[in-house]
Amino acid sequence: MNGSVDNPCDKTKRLLELRMDEGALAADEMADVESHLKSCKPCAQWQRQMQDIVAAARASAQFDVSEALTQRILSAVEREPSGKAASAAQVGSMLVLLAAGAGVFVVDSIESLSGLGSWCVGLAVMLVIQTIVAGGQAGNQAGG
Ligand SMILES: [Zn+2]
């Protein structure tokens, strides 16, 4: 008796994934999901795990320092009011600052164990997320 298409657990998980992608669900869909989560422990647990993963992904995004720095420097160059094409010297000094900032960040991380530790945690979180996402995609393909 397997292969049932209208499995309420599958439907609930699909809707929850949709909500994570699009940020919201229709009111009646949301009501279905919430009433199912109240009566189905595995689905409630699954939802909590997904929320943990999303929170971890958002937290680990903060480790990407270099991109944020690059964007700040680029916008600073663009905002430069001097009409004369932002002089090469200005851009060059910005790049030197960027390199120095990155260097200081790395050295500081190596010197302070807590910095290195948090960097490793971020890396581990990313690996775990990749594994879970890859496993989920394989499962979806096999089940479809
Ligand atoms: Zn369920």
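Helix H2 is hardly covered in this predicted model: among its 13 residues, the count of buried residues is one. The helix comprises residues 27-39. From its first C-alpha to its last, H2 reaches 19 Å, close to the 18 Å expected at 1.5 Å a residue. Confidence in the chain is highest in H2, at a mean pLDDT of 94.

Low burial also applies to the chain, where 3% of the 144 residues count as buried. The chain contains six helices and zero strands, so that the order of elements from the N terminus reads α-α-α-α-α-α. Of the contacts with a separation of 6 or more, 56% are accounted for by residues 24 or more positions apart.

The packing of H2 against helix H1 (residues 8-22) was examined next. The axes of H1 and H2 come within 10 Å and cross at roughly 125 degrees. H1 is therefore oblique to H2, since an angle of this kind falls outside the range of 65 to 115 degrees counted as roughly perpendicular and is not over 145 degrees, the cut-off for roughly antiparallel. The crossing in which H1 passes H2 is left-handed. On the H1 side, the residues that meet H2 are Pro8, Thr12, Leu15 and Leu16. Their counterparts in H2 are Glu29, Val33, His36 and Leu37.

Two residues of helix H3 (residues 41-60) were considered for their surroundings and for their distances to remote parts of the chain. Isoleucine 53 is found in H3, as is valine 54. Isoleucine 53 has 16 other C-beta atoms within 10 Å and is therefore partly exposed, because this class lies between the cut-offs of 12 or fewer for exposed and 20 or more for buried. Valine 54 counts as exposed because it has 12 C-beta neighbours inside 10 Å. In space, isoleucine 53 lies 8.6 Å from valine 125, C-alpha to C-alpha, with their positions 72 residues apart in sequence. For valine 54, the C-alpha atom is separated by 8.7 Å from that of methionine 20, a residue 34 positions away along the chain.

Confidence varies along the model. The average pLDDT of the chain is 70, and 42% of the residues score at least 70. Helix H5 (residues 88-111) has the lowest confidence, at a mean of 58, in contrast to the mean of 94 for H2.

Key: Residues numbered from 1 in each chain as written. Predicted model: local features only at pLDDT ≥ 70, side-chain atom pairs only at ≥ 80, totals over all residues. Helix = DSSP H or I, 4+ residues; strand = E, 2+ residues; numbered from the N terminus. Expected span 1.5 Å × (residues − 1). Contact = placed C-beta atoms within 7 Å. pLDDT = per-residue confidence, 0-100. Axes fitted to C-alpha atoms, helices over the stretch in contact; angles between N-to-C directions. Parallel < 35°, antiparallel > 145°, perpendicular 65-115°, else oblique. Left-handed = near helix turned anticlockwise from the far one by under 90°.
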